[in-house]
Amino acid sequence: MKNLFICLLLLFTAYTAQAQDDYYRRKAESYTREAEYWQKKADGYRREAEYRLGKAEGYQRNAAYYTRKGDLDRARTYTRYADDELDRYKTQLRYAEQADEKAAQYLKWAAETLNKN
């Protein structure tokens, strides 16, 4: 009876240790998936920033054209549009940087979780 109890105790201890390892592995995988999500978001923000920069360049070309033509009101309008697009460009870059930081944090948490084993 005593041997049976010791065997059951050892089996239970091994089972709980395995369950603990599995928990940390699943938690690390979750953090890794979250990091991948934020990295994709950062890439999307960078693509949007490139788009906004192109729009700003187009507006600046229009402003230069209307300045040469002497239509200063329209040139000012296009200059304002270009400035607005540059602000949006900077905002998208800031969002991308924040998303990169979140991705790095989740990867750090995943590494720390795996080191708990």
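## Reading burial and ring pairs

Student: Let's start with Tyr 65: is Tyr 65 buried, exposed or partly exposed?

Tutor: The cut-offs are under 20% relative accessible area for buried and over 50% for exposed. Tyr 65 has 37% relative accessibility, so this residue counts as partly exposed. Keep in mind that this is a predicted model.

Student: And what about Tyr 66?

Tutor: Same yardstick. Tyr 66 has a relative accessible area of 17%, so it's buried.

Student: How many aromatic pairs are there?

Tutor: A pair needs ring centres within 6.5 Å, and planes over 60 degrees apart make it edge-to-face. The count comes to eleven aromatic pairs. One of them joins Tyr 23 and Tyr 24, edge-to-face with 5.4 Å from centre to centre and 65° between the planes. Tyr 65 and Tyr 66 also pair edge-to-face, at 5.0 Å centre to centre and with planes 75° apart.

Student: Which residues do ring pairs link into a cluster with Tyr 65 and Tyr 66?

Tutor: Tyr 59, Tyr 78 and Tyr 81 join them in that cluster.

Student: Which residues make up the largest nonpolar core?

Tutor: Think of buried nonpolar residues joined through their side-chain atoms. Here there are six: Tyr 59, Ala 63, Tyr 66, Ala 75, Tyr 78 and Ala 82. The elements giving two or more residues to this core are α1 (2-69) and α2 (72-115).

Student: What does Ala 63 touch?

Tutor: Leaving aside residues up to four places away in sequence, Ala 63 touches Ala 75, Tyr 78 and Thr 79.

Student: How far does α2 reach?

Tutor: Its 44 residues span 64 Å from first C-alpha to last, close to the 64 Å expected. Buried residues in α2 include Glu 85, Gln 92 and Thr 113.

Key. Residues are numbered from 1 along each chain as its sequence is written. This is a predicted model: local features need pLDDT of at least 70, side-chain atom pairs count only at pLDDT 80 or more; totals for chains, interfaces and linings use all residues. Side-chain values use heavy atoms; hydrogens and water are left out. A nonpolar core is a set of buried Ala, Val, Leu, Ile, Met, Phe, Trp, Tyr and Cys residues joined through side-chain atoms within 4.5 Å. Buried means under 20% relative accessible area, exposed over 50%, partly exposed in between (1.4 Å probe, protein chains only). Helices (H or I, at least four residues) and strands (E, at least two) are DSSP runs, numbered from the N terminus. Contact means heavy atoms within 4.5 Å. The expected span of a helix is 1.5 Å times one less than its number of residues. Rings of Phe, Tyr and Trp (its six-membered ring) pair if their centres lie within 6.5 Å; planes under 30 degrees apart count as stacked, over 60 as edge-to-face and the rest as tilted.
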